[in-house]
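Thanks for coming. I will talk through the pockets of one model and then one residue. Please look at the screen.

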Amino acid sequence: MKPRIFETPVDLFQGAAEEFINRAAKAIRDRGKFCVALSGGSTPKSLFALLASGKFPDFPWDKTFLFWGDERYVPPDAAESNFRMTTETLLSKVPIPDENVFRIKTEISPVDQAAADYEQTLKAFFNLKSGQFPRFDLTLNGVGSEGHTASLFPDSPALEEKTRLVAASWIEKFKMFRISLTLPVFNNAACVLFLAVGKEKAPILREVFENPSDQLPAQRIHPSHGELLWFIDRAAAGSLKSAA
């Protein structure tokens, strides 16, 4: 598995937007709807801004259903909230019906109950039987400096989850709980698209691609009957031998 390297972040986000649009067209053609699990953090903001820019006026938002790969356990209007970031950069600017947006309800307490509530939301939407996992048309993922993806961090018990769709974990690094889809959900997706931008990502990408031990959470994403794509810019690829 080789990453696709873009010369600049602008090129990368244009490529990611085209991938998003093409995946939507195929999913809607095949099944009548496009189901996506979004990521948080800084990188997807530029993709969301591009999708909301008016350059794609015919995008079928009415047939698009948005979920989240993970969320910080903070109020939905908190500065750290992935939902708030997505609302400000995307949802408030495109004609997506409210009923097509499925946020993680972080106002539910305790955190395990919030995770269980989101699992029930997924089961109901995807009409899952016992033991089944949802099949997203696309999940957007990032990678952190220690190799985490979504809110699946190294040494987290959530990494070993085999049956639950959603798990809550205390992340000591950030002194907060986070709620995340589990590895079996990501690995059941039709496509997992990782986005990585900037020279600060170069060291961890070298680990991911040149020391493939499956020790890092991001390395444990292997869609069982889907595609795995990595879109990275030239700066992020700076430490890769294959990019020299």
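**Two pockets and a glutamine**

The second largest pocket has a lining of 10 nonpolar, 3 polar and 2 charged residues. Here Ala, Val, Leu, Ile, Met, Phe, Trp, Tyr, Cys and Pro count as nonpolar, Asp, Glu, Lys and Arg as charged, and the others, Gly among them, as polar.

This is a predicted model: local features need pLDDT of at least 70, side-chain atom pairs count only at pLDDT 80 or more, and totals for chains, interfaces and linings use all residues. Residues are numbered from 1 along each chain as its sequence is written, and side-chain values use heavy atoms, with hydrogens and water left out.

A pocket, on a 1 Å grid over the protein atoms alone, is an open set of points where a 1.4 Å probe fits, with protein on both sides within 12 Å along at least five of seven lines; lining residues have an atom within 4 Å of a point.

Back to the second largest pocket: α6 gives the largest share of its lining, 3 residues. Helices (H or I, at least four residues) and strands (E, at least two) are DSSP runs, numbered from the N terminus.

The lining of the largest pocket has 9 nonpolar, 13 polar and 6 charged residues. Of its 28 lining residues, Gly-40, Gly-41, Val-143, His-148 and Lys-201 lie nearest the centre.

Last, Gln-14, which sits in helix α1 (residues 9–31). Beyond its neighbours within four places in sequence, Gln-14 is in contact (heavy atoms within 4.5 Å) with Leu-50 and Phe-56. The C-alpha atoms of Gln-14 and Leu-50 are 7.7 Å apart, though 36 residues separate them along the chain.
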